[in-house]
Amino acid sequence: MITSSRRAFLRGLLRPVLAGGLVSCMGPRLAQAISSSQPTGRFRRCIVLWMDGGPSQLDTFDPKAGGPRRSIATKVPGLAFAEPLAGLANHADKLCVLRSVGSAEGEHTRACELMHTGFSPRPAFPRPSLGSMVSHDRPDNGFPRYVTLGGKGFGPAFLGGTHAPFVVEDVDAARQQLDVLTKKGRELDLLTEMNAGYWWQRSSAAAQQRSYTIEAVKRLVETPFPKALDLSSRTSSERDRYGDHEFGRRLLVAARLSRLGVPWVEAQLPGWDTHVDNQRRTDALAEQLQQPWLALLEDLQQSGLWEETLVVWMGEFGRTPRLNAAAGRDHFPEVTPVVLAGGNLGGRTIGATSADGAERIGQRHEVADLMATVLTLLGLDLDAEYTTDFGSPTTKVDGGIPIAEIVSG
Amino acid sequence: MISKRVLVIAIAIHAASLQTSMGDTHRIDAMLAEPHRTQEVTVTAVCDDATYLRRLSLDLLGRVPKLEELNAFLADPNRADAVERMLNSPEHVRFWSQLWTVMLIGRSDQQFVEREVLRTWLEQQLADQTSLQQVAFELISAQGVSALTGPVNYMAASREDPVMRLSRTFLAVRLDCAQCHDHPHDRWTNADYQAMTRFFQPVQYREVSGGILVRDSTADASTQRPVFLTGRQPQTSAWRRELGWMVVQSKPFSRAMVNRTWYWLMGRGIIDPVDDLSRDHPPVLPELLESLSESFRTDGYRLRPLIRMICTSQAYQREPSCGADEHADRQRSLFAARTVRPLLPEQWLASRAVVLQRPAPTADELSSQARQVLGLTPQSPVSDPYHWEANSQTLIRQLSLSIPGSPADLDSMYLSTVARKPTAHERELAETYSSQEILFALLHCNEFLMND
């Protein structure tokens, strides 16, 4: 796997030709990308709040007049949140609400993959998730660079196992596994010695890779990483602030890992697939979401990490503006709500939806544009291509262009 | 380790007698001799008996030999007999049905896909020595309900891109690479891919109480007819059945089946990667592939004669190469040296049970335990059981599993894990470390974790 910057090539060789026939065949997107400015990475790390199942925009960040939800005016003039998230209204100046994103993927598995990789799934050509790309971009600091807290993980594809997500399905179980290894120092030393004496060690890449990974695990248990998973060592006030429930614990751990320097952490809140009884269920979900999110915003501001930590709230798609017969909302990828926070991103709204919520009006962005935006904010060079394990050069995003208002700061 | 070296001499003599007992030089070895000579590759020695039994047992039964099996074999080390014994054992068809299942539907759980229903069907086919032509035909043309009909699950798992699975598995070509655009160096074009996908157009998937119902609607007469890679078009409206026959009657099919089997046993395909026959990846030894495919066809597309032939060849019995240089690479690619491979998660778990003298895990337990060890991240959709990669988390999961039971004596621990007695140095180590610590290290060390 190698990365090569093709910027010089594109700029130096292609540009004079672009005026000719190439622009039309490459499409305006690529032409625009070539002229885009050097990415400016303002953020060192990212925390994703993943709303698994597809969060309803109408019951969170895009309430509609005449709908079942009361709109709550926020600190930002003209920006209203739905009542379940009233607690965030006072912090609206810290949030950047995107109503311009949408896709055509209305099935969970496919949409999840799209929102994690930026590409519509194609079994023959698996794409790395953004977390894997960031992991690949950042130096090795002894612990995983991409951690997922929850039941789902999205793979590194051709970037290789080193950049696979460290999936913490259950925080306590993961901590116990690492604890076991912390106490196995002698056994692990013996293991290293035995591996060094393995007859075919030198000629087997597989054996060497395994020894290398064992050393990585030995280093990992020595880092503060296992401690960050240890919720018993938190002060009870910290636990109370994040909320004594699964998502509260996940976000607390996410905040700890991020502070430690893990550049990409995703905390999952499942249950947003509200085909039935939408109102009651989104009330409960909003309650689980709001308190830990507020605690996270507070922590990031107090610790001075606000300027360098990007927070992304999203799920696989939005939900239908009309309630179905079961008082639920169905899949609605046309509007895929996204909220960003961190640095000076807050206080603005990008795009809008129609009064009935049925379509996006004004600016429209593809998921690929969102992904290009996030990667640019994190300082990844969109012009540098990857080479897959089957030898094909490929871009990081599916033709996406960073959203100018966001990346220009 | 010294014992290994000394044994080589004894084995060389034994291997020579094995050859005479089987007549002339083994056909595979005879065909390899010429390329080895012209490409100036030296072959490595034939491995010792204990290594051979361990290798064979891992490849055919999916686990290391039990202590008593090892002792019995060392007392009467007839390698051809060992191959025969294992081929006739129910454990063999069970393990290979598992390999086939992973090849056909991958390792991760999928909605409406009944892994065990498919696997038990495959196990029955392998036990009955059904022709692989028949097996592949039934998979490609399967209709019915997933919970009831084994082969339907292959179709249910392939619905996202049926042409990808079909072409990679049964024809050893990556036709799916042409789905985005034509590749300048390749024979297959996007039009070929599109023409192939039309075979699956009539397929309908419907959720029913027993999972998913797969069946074909009548092909619409007005739509464009599909075209197989050979240019053949279906003559009836049963497109998928005709596709099944076109596939299994084609030469690429028998080559793909032979190459897959060779790859599982030898650690590397004659076509490499195993499912990517292309201008960039021609077969490294086309005559060998052709000759084996010819016998495979003559033998009624049955796996057992093919496995028997490969496992009794000296090529299969070679030691790995000591070097890491270009010559060593060539030795491996021309099968003059063994390719060392890490155990599959399934092989490791089953072997662990042997060492700890626990009951053998059932096939269902093995697949769910393997999923636990590998984690939730979807693996590559390229459904090659051997295409997997351990990362630090896989390793943490393995290393943190508790070890039930108490350790045996030192010699037994070494014999049951790495099929040899401890060296003098290792006996010294045993004075510093407890038996429990040594057992832990043995269960996770490369010598145990590698199929060499």
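How many aromatic pairs does a search of the whole structure find over all chains? The search returns 17 aromatic pairs. The legends below describe close-up views of a predicted model.

**Figure 1. An aromatic pair in chain A joins A:F166 and A:F225.** The two rings meet edge-to-face, with 5.3 Å from centre to centre and 80° between the planes. The pair links distant parts of the chain, for the partners are 59 residues apart. A:F166 belongs to strand β7 (residues 166-168) of chain A, and A:F225 to helix α7 (residues 225-228) of chain A. Both partners are buried: A:F166 has a relative accessibility of 4%, and A:F225 has a relative accessible area of 0%.

**Figure 2. A:W199 and A:W200 form an aromatic pair.** This pair is also edge-to-face, with the ring centres 6.3 Å apart and 70° between the planes. Is A:W199 buried or partly exposed? A:W199 counts as partly exposed because its relative accessibility is 27%, and residues between 20% and 50% fall into that class. A:W200, by contrast, is buried, with a relative accessible area of 2%.

**Figure 3. Chain A and chain B meet at an interface.** In this view, 49 residues of chain A are in contact with 51 residues of chain B. The two chains bury about 4,600 Å² between them, and carbon and sulfur atoms account for 64% of that area. Which three residues supply more than any other three of the area that chain A buries against chain B? They are A:W199, A:W200 and A:R210, which together supply 17% of it. Two salt bridges are counted between chain A and chain B. A:R186 forms a salt bridge with B:E437, in which the closest N and O atoms are 2.8 Å apart.

**Figure 4. Helix α6 of chain A spans residues 205-222.** The helix has 18 residues and reaches 26 Å from its first C-alpha to its last. This span is close to the 26 Å expected at 1.5 Å a residue. Among the buried residues of α6(A) are A:A207, A:T213, A:I214, A:V217, A:L220 and A:V221. The buried set also includes A:R210 and A:K218. A:R210 is one of the three residues named for their share of the area that chain A buries against chain B.

**Figure 5. Chain A in overview.** Chain A has 12 helices and 17 strands. Of its 409 residues, 56% are buried. Among contacts in chain A with a separation of 6 or more, 70% involve residues 24 or more positions apart.

**Figure 6. Aromatic rings of chain B take part in a cluster and in contacts with charged side chains.** Ring pairs link B:Y154, B:F170, B:F253, B:F296 and B:Y301 into the cluster. Elsewhere, the charged end of B:R159 sits over the ring of B:Y205, at 4.4 Å from its centre. B:R341 likewise lies over the face of B:Y386, at 4.0 Å from the ring centre.

**Figure 7. Helix α10 of chain B and the loop that follows contain B:M164 and B:A172.** B:M164 is found in helix α10 (residues 162-170) of chain B. At 4% relative accessibility, B:M164 counts as buried. Its C-alpha atom is separated by 9.2 Å from that of B:Y193, a residue 29 positions away along the chain. B:A172 is placed in the loop between α10 and α11 (190-197) of chain B. This residue has a positive phi of about 60° although it is not a glycine. B:A172 is also buried, at 1% relative accessibility.

**Figure 8. B:F335 takes a positive phi just after helix α17 of chain B.** The buried residues of helix α17 (residues 326-333) of chain B are B:A328, B:Q331, B:R332 and B:S333. B:F335 lies in the loop between α17 and β4 (341-342) of chain B. Its phi is about 60°, although B:F335 is not a glycine. B:F335 is buried, with a relative accessible area of 2%.

**Figure 9. A cis peptide bond runs from B:D272 to B:P273.** The omega angle of this bond is near -5°. B:P273 is found in the loop between α13 (251-266) and α14 (286-298) of chain B.

Terms used. Residues numbered from 1 in each chain as written. Chains lettered and ligands numbered in written order. Heavy atoms only, no water. Phe/Tyr/Trp six-rings, centres within 6.5 Å; stacked < 30°, edge-to-face > 60°. Helix = DSSP H or I, 4+ residues; strand = E, 2+ residues; numbered from the N terminus. Buried < 20%, exposed > 50% of the residue type's maximum accessible area, 1.4 Å probe, protein only. Lys NZ or Arg CZ within 6 Å of the ring centre and 35° of its normal. Expected span 1.5 Å × (residues − 1). Contact = heavy atoms within 4.5 Å. Buried area = accessible area lost by both parts, 1.4 Å probe. Salt bridge = Lys/Arg side-chain N within 4 Å of Asp/Glu carboxyl O.
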